[in-house]
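Colleague: I am new to reading structures, and I would like a close look at a single part, the place where the ligand sits. Could you walk me through that part, and then show me a few other spots that help me learn to read a model?

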Amino acid sequence: MAWQTLLYDRDGHVGTVTVNRPDALNALNTTVFAELSELFSEIAVDPDVRVIVLKGAGEKSFVAGADIKEMTGMTRQQAEARSWTGMRLYDQMRRMPQPLVASIQGYALGGGMLIAMACDIRVASTAATFGYPEIRLGIFPGTGGTVLIDRLIGPAAARAICLLGDRFPAERAYQLGLVNRLVEPGLLVAETADVAATLAGYSPVAIRELKSVLNASLELDFATAREVEIDAYGRAFESEDRVEGTTAFVEKRKPDFKGR
Ligand code: CAA
């Protein structure tokens, strides 16, 4: 499939999705939202892909947010519809059976920081810049971004990020727990590959079930989420991969997970 705004490449078990609008700093427009959703639907059912890397084209930007030029003439209804489109995409990403790794080399602003937060792991270069600048535009991160950042990093820091709208460096994002691995710019590709290889080596069944529990924990109350956890744990436990994992430990060898 030829994408207008994306690049897609699979190397072994790792699928790499690149938002490819470098002239607009990879801003998310209607086509990007639609194509990402379609591509993720395809990847979700590809058993060869065990990990997805999400990145932005060029050196300067991961994703500089939603496309502001597209937003200028929108009605309230169109803006709300756009927010639903974004929220559905971020939900779809969280619900992907494979883990997603955001590889962030430059600006991750507004919807760009949000789409990074819809990934499971964030690897960033020390040259990356984060922030929710929406307040400067007379709006706020209304695509689920306010609620999500509050859940991910806690209300005190989240509130300041949303209200002040300032940009902050990757080092600060790392301190906040928003970035999981922080490396010098020249090491970003290698560090991303290392994280992807680690995840690709685990049982796809356990990863899929684990993600469903982490999603439940984000979205549901404690007691209900624990019920989801027990069910998911049971499914992982009866997999061939679990037998392989525990047997390999006892036999002192590396497990070879098959995804069943
Ligand atoms: N939407 C559309 N176009 C964008 C864009 C965006 N979010 N960000 C950058 N661009 C475009 C610029 O308009 C410019 O295009 P032209 O050459 O056609 O003028 C090109 O990308 C390069 O950008 P700059 O010339 O501005 O580059 P810079 O180095 O001077 O500044 C920047 C870089 C600080 C990231 C600046 O571009 C910027 O502030 N961008 C907007 C960031 C932002 O506000 N993001 C939030 C968007 S709203 C949102 O995301 C809504 C939501 O979730 C609910």
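Modeller: Let's start with an oxygen atom of the ligand, which is 3.3 Å from a polar backbone atom of Asp23. Keep in mind as you look that this is a predicted model. A nitrogen atom of the ligand also has a backbone partner: a polar backbone atom of Ile68 is 2.9 Å away from that nitrogen. With Lys69 the partner belongs to the side chain, where an N or O atom is 2.9 Å from an oxygen atom of the ligand. How much of the ligand does the protein bury? Taken alone, the ligand exposes 980 Å², and the protein buries 67% of that. Now widen the view: 22 residues surround the ligand, and the closest are Lys60, Ala66, Ile68, Lys69 and Gly111. You have already met Ile68 and Lys69 through their polar atoms.

Next, find Asn26, in the loop between β2 (14-19) and α1 (30-44). Asn26 has a positive phi of about 65 degrees, although it is not a glycine. Is Asn26 buried or exposed? Asn26 is buried, with a relative accessible area of 0%. Set Lys252 beside it, in the segment after α11. Lys252 is not a glycine either, and its phi is positive too, at about 55 degrees. Lys252, however, counts as exposed, at 76% relative accessibility.

Now for two glutamines. Gln92 is part of helix α3 (residues 76-94). With a relative accessible area of 19%, Gln92 is buried, because the cut-off for that word is under 20%. The side chain of Gln92 is joined to that of Ser41 by a polar contact of 3.1 Å. If you leave aside neighbours within four places in sequence, Gln92 is in contact with Ser37, Phe40 and Ser41.

Gln98 sits in the loop between α3 and β5 (100-104). Gln98 counts as buried, at 5% relative accessibility. Which backbone oxygen lies 3.2 Å from a polar atom of the side chain of Gln98? That oxygen belongs to Val49. Val49 also appears among the contacts of Gln98 beyond four places in sequence, which include Ile43, Arg50, Ile52, Asp120 and Lys211.

Finally, let's follow a whole helix. Helix α10 (residues 222-237) has 16 residues, and from its first C-alpha to its last it reaches 22 Å, close to the 22 Å expected at 1.5 Å a residue. At the start of α10, look for Asp221: one of its side-chain oxygens comes to within 3.3 Å of the backbone nitrogen of Ala223. Which residues of α10 are buried? They are Ala225, Ala232 and Ala236. Looking down the axis of α10, you find these buried residues within an arc of 45 degrees, so they line one face of the helix. They pack against α9 (204-219) and α11 (240-250). Turn to the face that points away from this buried side, and you will see the exposed residues Glu227, Ile230 and Asp231.

To practise, go back to the ligand and find the backbone of Asp23, then the backbone of Ile68 and the side chain of Lys69. After that, try to trace the two faces of α10 yourself, with Ala225, Ala232 and Ala236 on the buried side and Glu227, Ile230 and Asp231 on the face turned away from it.

Conventions:
Residues numbered from 1 in each chain as written. Predicted model: local features only at pLDDT ≥ 70, side-chain atom pairs only at ≥ 80, totals over all residues. Heavy atoms only, no water. Helix = DSSP H or I, 4+ residues; strand = E, 2+ residues; numbered from the N terminus. Expected span 1.5 Å × (residues − 1). Buried < 20%, exposed > 50% of the residue type's maximum accessible area, 1.4 Å probe, protein only. Arc of directions from axis to C-beta. Contact = heavy atoms within 4.5 Å. Polar contact = N/O pair within 3.5 Å; in protein donor to acceptor, adjacent residues only side chain to side chain. Near = heavy atom within 4 Å. Areas by Shrake-Rupley, 256 points an atom, 1.4 Å probe, with all protein chains shown as cover.
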